[in-house]
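Got your viewer open? Let's walk through this model stop by stop, with something to select at each one.

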Amino acid sequence: RAHIAFYQVCFEQKGCDRDDILAAVDEAIEDGVDVLSLSLGGNPGADFSEDPVSLGGYTAALNGVFVSTAAGNIGPNPATLSNGAPWLLTVGASTSDRRFAATVKLGSGLEVDGESLTEPKDYGKEMVPLVRDMGGGQCTSESVLKAQNITGKIIICEAGGGVSTAKAKMVLRAGAFGMIVVAPAVFGPVIVPRPHVLPTVQVPYAVGQKIKAYLEAESSPTANFIFKGTLFDTPRSPMMAPFSSRGPNVKSRGILKPDIIGPGVNVLAGVPGVVDMALQPKEVMPKFDIKSGTSMSCPHLAGIAALLKNAHPTWSPASIKSALMTTTETTDNTKKPIADVDGTQATYFATGAGHVNPKKAMDPGLVYNLTAAEYIPYLCGLKYTDQQVNSIIHP
């Protein structure tokens, strides 16, 4: 039952302009908002006195407004994190236990698992020829044309070298029956499924290597798909999202960032339209899509902050942040430490305090409060000039 207001700061011609961001924050404060969700990337190396999200976020905190920001989507490399100011909640992305299951069945009898947003009716159980393109799996327009006739066949493509949904449109025009997309090795077991114009199963890199080994070993390889719909209780959930930007905090090594992680992979999201869909006549454009990114986890935390603000109207932004961060989970649904995509235990530079637990955050037992003015000595400790400090705090 929250009242939600939208403030547009990004435009097709000029992008996300600094003045538009600051004006929107000022307008939101004037409108009386309690929580701001800012899924805006910044320059990881920018000083807080130059970054509009940091500047606007301080003004918001000064006026009692909680600010949730996205950590960025250029992980898993270290020191890639944006929005590292301590008065902001910086949110990384994790998986959930939900997946959109699909299986690739090979002619050898081997069945390997992936994910797909496809759920065609009457797909058929007969095995069809399995081929690869002549461009090392990149499935460019040139390499698909060079491939053997792919009409009525399943083609295997790498996720790199172009957007897989664009590749799907291309192989559909070439007459393909279906497509297998192999995720990059850096994604580990995590799949980020997209809607494709023909039946498509996306598989992890390790699974893709098994399919390729079968394809090369057989003179007449075949395959087919088994679509299983939505499944829950995926083991080792939550897990770090491979794209979630990581610390350390470039501009303030003494402040650990990100602060926290929340659901940011394969989130059901309202959209104005799904550009990758191939609609038949009279079909209605879907109003929802599956999205991934810290722009999905950031509003999750903003929504939880709104619930906390409703339950504790007198709490400051710092108190709400404290409640969220001191009640996190550091283990997954198998009771093991939250894992990174390479199978190792995720570090603090990936998870921050851990994965959000909204129920525990409602009653944390203890909160640490901080006023906006108490950040000023911290800024002086960063050796900021008086002019830089004044640009942030607007004395």
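Select E158 first: is E158 buried or exposed? E158 is buried, because its relative accessible area is 14%, and buried here means under 20% relative accessible area, exposed over 50%, partly exposed in between (1.4 Å probe, protein chains only). Before going on, note that this is a predicted model in which local features need pLDDT of at least 70 and side-chain atom pairs count only at pLDDT 80 or more, while totals for chains, interfaces and linings use all residues. Residues are numbered from 1 along each chain as its sequence is written, and side-chain values use heavy atoms, with hydrogens and water left out.

**Stop 1: salt bridges**

Keep E158 selected and add K212. The two form a salt bridge, with the closest N and O atoms 2.0 Å apart; the term stands for a side-chain nitrogen of Lys or Arg within 4 Å of a carboxyl oxygen of Asp or Glu. This pair links distant parts of the chain: E158 sits in strand β9 (residues 154-158) and K212 in helix α5 (residues 205-217), 54 residues apart. Helices (H or I, at least four residues) and strands (E, at least two) are DSSP runs, numbered from the N terminus. K212 is buried too, with a relative accessible area of 11%.

Next, select D289 and R194. They form a salt bridge whose closest N and O atoms are 2.9 Å apart. D289 is in strand β15 (residues 288-291) and R194 in the loop between β10 (178-182) and β11 (200-203), so the pair ties together parts 95 residues apart in sequence. D289 and R194 are both buried. Add K291 to the selection, and you have a network of salt bridges linking R194, D289 and K291.

Now go to D340 and R246. Their salt bridge has its closest N and O atoms 2.8 Å apart. D340 lies in the loop between α7 (317-325) and α8 (348-351), and R246 in the loop between β12 and β13, so this pair ties together parts 94 residues apart in sequence. D340 and R246 are both buried. The structure holds 11 salt bridges.

**Stop 2: the loop between β12 and β13**

Select S245, which is in the loop between β12 and β13. S245 counts as buried because its relative accessibility is 0%. What does S245 touch, not counting residues up to four places away in sequence? Show A71, G72, N73, I74, G75, T80 and L81; contact means heavy atoms within 4.5 Å.

Stay in this loop and look at P238. A cis peptide bond joins S237 and P238, with omega about 0°. P258 is also in the loop between β12 and β13, and a cis peptide bond with omega about 0° joins K257 and P258.

L256 is in the loop between β12 (222-231) and β13 (260-263). L256 is partly exposed, with a relative accessible area of 39%. Add Y348 and F349 to see a nonpolar surface patch of about 330 Å². Patches are made of residues with over 30% relative accessible area and no salt bridge: like charges are joined within 9 Å, nonpolar side chains (Val, Leu, Ile, Met, Phe, Trp, Tyr) within 5 Å. The areas come from the Shrake-Rupley method with a 1.4 Å probe, and for residues, only the protein chains shown count as cover.

**Stop 3: backbone angles**

Most residues other than glycine have a negative phi, and most peptide bonds are trans. Select N266, in the loop between β13 and β14 (267-270). N266 is not a glycine, yet has a positive phi of about 60°. N266 is buried, with a relative accessible area of 4%.

Then try K383, in the loop between α10 (376-381) and α11 (386-393). Phi of K383 is positive as well, near 70°. Is K383 buried or exposed? K383 counts as exposed because its relative accessibility is 71%.

**Stop 4: Y58**

Finish at Y58, in helix α2 (residues 52-62). Y58 counts as buried, at 1% relative accessibility. Leaving aside neighbours within four places in sequence, Y58 is in contact with W87, A372, A373, Y375, I376, I392 and I393. For a last distance check, pick the C-alpha atoms of Y58 and N77: they are 19 residues apart along the chain and separated by 28 Å.
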